[in-house]
Amino acid sequence: MARFLTVRIGLLLVSLVGASLLVFTVLAVLPGSPAQVILGTQATPASVRQLTIQLGLDKPLWQQYLQWVGGLASARLGSSYISHQPIGAQLVQALQVTGPLVLLSLVVGVVVAVPAGMVGALRHGRLAGTVIGVLSQIGVAIPTFVGGIVLIILVAVKAHLLPSGGFPGWAEPGQSLRSLVLPAITLGLVEGAILTRYIRTAVMEVLASDYLRTARAKGLSLGKAMRRHGLRNVLPPIVTVLGLEFAGLIIGAIVVENVFTLPGIGTLLLSAVQNRDLIVVEDIVMLVSGVVMLVNLLVDLSYRFLDPRMVRRT
Amino acid sequence: MSGRGRKAALSAGAVAIALTAAACGGGSSPSGRSTAPTGGGPLTVASSVAPPTLDLTSNPAAAIDEALDYNVYQHLVQLDPKGHIVPVLATAYSVSADGLTYTFTVRSGVTFSNGDPMTPADVVFSLQRAMAPNSTYPYKAVLGGVTSVAVSGTNQVVVTLSKPNNQFLYDLAAYSNGVVLDPKAVGTIATAPVGTGPYKFTGFVPNYSLSFTLNPSYWGPKPGVSSLVFRYFPNANAENSALQSGQVQVVDNLPNPQDVSQFKGNSAYKVIAGPTNGKIQMTINNSSGPLSHAKVRQAISYATDKQAILQAAGAGYGTVIGSDTVPGDPWYLPSLAQVYPYNPAKAKQLLTEAGYPSGFALTLTLPPYGYAQTAGPLIAAELNAVGIRTTIKNIQWPLWISQVFLHGDFQLTIVDHVEARDVGNYANCGYYWKYAQCSQVASMLSAAQAATSQSGMVSGYQQILTKITAAAVNDWLYNPDQITVAKANIVGLPTSGRTESFDLTHASIGGTVSAQAQAQGYSS
């Protein structure tokens, strides 16, 4: 186990360094001088040069890279080129919105998908199974922003039940949760629809398996056989998909935050790209990459608990 | 230039032009600040683009000036919504006969929102900070003609120019260079702005909101609100929904003019539309190929139906201008809009005369702004109809800045030149449309700026406008309106977009606005 962990954490660090090189290179070749974008079209060339020097963008690329990575490694993120606000504080502020949003969406997705997927598999070929199959297809097909706008019109503008967007800050937790309900449903339903299809397939595979037939033959009821032998075998593929979906949720959050005007990581990333606030873009991409890699590591670790055969193999 | 997001372009050669220093100099006309609006309650204003920073001296983003200028920061002189210059932190000003020396009497008894007294030395500090060699003020070039700024006596500031410029007062009023800063608070200008205006900064959530209370030490009558919040909405649907669901009471400038139909005719809302300083134009690269021929450029102007473009892209809210001037400029000439009426047959004839009877191919580069995205395909169809085969290319704004604006790598593009009185761009030979006769315009401009009479100034500028219009340097489409939508009980809002600031000095919820403020262009 210790050896497994060491290797996996080593791989994670190598991946992070690779990601940092990739992110830095891509942004370095992105056209549009940050100083010119900041100062606009009215600025004199002398002002633009002056600002380029102030931002340190006149230095060789490898120096800029080392300075940035050094800051990341020592958790000194510095200040944004443009807002002059500390980046660490901005990220913390944005994570207070995106973190709860992603978790709530995950809850919504799982709460919808687990029963729907099970029913879809057990009632396969009958009315309930077909309805769930069709609904999940529709859920996968509808773009997040369309679902969000429909919810805003129905729930916020027409019925005045929940706010149409915005986020008051965690000083009033009740208000904040209320404003996350619609975004979490928007994002969670789409993820739930995707997850439903995976759960349905996994359960159907288990239902058709030899060991389940044997368990039934020994006299166990379907429910008992599923609980004792089936669920454990359904879990590994679903945990894998959940891990992948987690990355999907973070990407989906960028769209949903825009629709509901939430001041989260997605909004920060979009505005930073538009303003050529390169350090902020780089830091957010690294943060998201790190989180996704960590989730993947946790998924791999979870196999070892869900399926003891995996331990023997490594 | 460009959309709400970014102010743009202008005269690197500087010259944004202003009215009447000489003509109305010496005035100390009362500024209409005797109003004491009644009413109260928190006011929330929705806007579409969030300020990228709070430091308006480091970044030209219109969103910063919109919230902070005039509301938190004040100038010696400012513009009212009618576009007239009014004394604010100056009580009076005078101009010497040679047009080189401006003397301002600084208002006494004014304190910054942190309690520091505002002194003539602070005024000098602020202007010198903008002019300093290492300053990166976005409109630094506007102060290029200033040779010295000094305190005189106990309460006066004297500004000396190297050559006469009758636009100096306008520049000081219109551009954020003119803000008076507290030297002791300037270190935190990006995180905690401090000024002398009616509102005091309290908090900023990036990309989300900007909050203010009333400035307890404000020298004038306080606005009729208890607090002020600007809330930022990256998409227009969310902005309209927020107004309809009551989260905000004002949308300061509808990003899609077509959305007016959701509010017009509903007595719960009022729609306030008035001109901006913007010129939405199809910029033509004059430097090479067919576009270097005046007849080809004239043909393009004849081929575009500006009235139809205004209807489609601006929902009819705006004015067809036909040149680089907008209603409200002292030298505005409505007849320029009639120089190239929509006439495809005439366009084809001019193309034949220029030697292109079977047309040619062009690329129209579009930035991601609503007006350009709507007008672009229309114009491409109109140009195709006269034989100019037009391909559309969409690019992001930072790319537009580097490719189109800096490197001149374009043939046609559509952009809103939002800066006021920016005809000086035609005197700048390096400017991205590469006008061949820029040097002649430069000398005409110097003469117009040095004019000591109002009529001399007006005719000087009109000669420039007539010249660039005859050469069809660009295809000027229209001057868009600023469209504000508010709950019916909100008063004292600016009725035009002539100031960068969304000036809420006279705003009130359920109160009244004095006749004097109404005359200056604040809504009743």
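Here is a short walk through chain A and its contact with chain B. Please keep in mind that this is a predicted model.

Let us begin with the fold of chain A. Its secondary structure consists of 13 helices and zero strands, so named from the DSSP runs. If you trace the chain from the N terminus, you therefore meet one α element after another. Laid along its principal axes, the C-alpha trace of chain A spans about 85 × 60 × 35 Å. Of the 314 residues in chain A, 45% are buried. Among contacts in chain A with a separation of 6 or more, 71% link residues 24 or more positions apart. On the outside, chain A exposes about 15,700 Å², and 70% of that comes from carbon and sulfur atoms.

Now turn to the place where the two chains meet. Chain A brings 42 residues to the contact, and chain B brings 49. The size of an interface is often given as the accessible area lost when the parts come together. Between chain A and chain B, the buried area is about 3,500 Å², with carbon and sulfur atoms giving 57% of it. Three residues are worth finding on screen: A:Thr41, A:Gln42 and A:Thr261 supply 21% of the area that chain A buries against chain B, more than any other three residues.

What kinds of interaction are counted here? There are zero salt bridges between chain A and chain B, and three residue pairs are in polar contact, both residues being at pLDDT 80 or more. On the side of chain A that touches chain B, the elements giving two or more residues are helices H2 (34–39), H3 (45–55), H5 (87–122), H7 (144–158), H10 (222–259) and H11 (265–274) of chain A. By class, that side has 24 polar residues, 17 nonpolar ones and one charged residue.

How values were computed: Residues are numbered from 1 along each chain as its sequence is written. Chains are lettered from A and ligands numbered from 1 in the order in which they are written. This is a predicted model: local features need pLDDT of at least 70, side-chain atom pairs count only at pLDDT 80 or more; totals for chains, interfaces and linings use all residues. Side-chain values use heavy atoms; hydrogens and water are left out. Contact means heavy atoms within 4.5 Å. Buried area is the accessible area (1.4 Å probe) that two parts lose on being put together, summed over both. A salt bridge is a side-chain nitrogen of Lys or Arg within 4 Å of a carboxyl oxygen of Asp or Glu. A polar contact is a pair of N or O atoms within 3.5 Å; within protein, one must be able to donate a hydrogen and the other to accept it, and residues adjacent in sequence count only if both atoms are side-chain atoms. Helices (H or I, at least four residues) and strands (E, at least two) are DSSP runs, numbered from the N terminus. Ala, Val, Leu, Ile, Met, Phe, Trp, Tyr, Cys and Pro count as nonpolar, Asp, Glu, Lys and Arg as charged, and the others, Gly among them, as polar. Buried means under 20% relative accessible area, exposed over 50%, partly exposed in between (1.4 Å probe, protein chains only). Accessible areas come from the Shrake-Rupley method with a 1.4 Å probe; for residues, only the protein chains shown count as cover.
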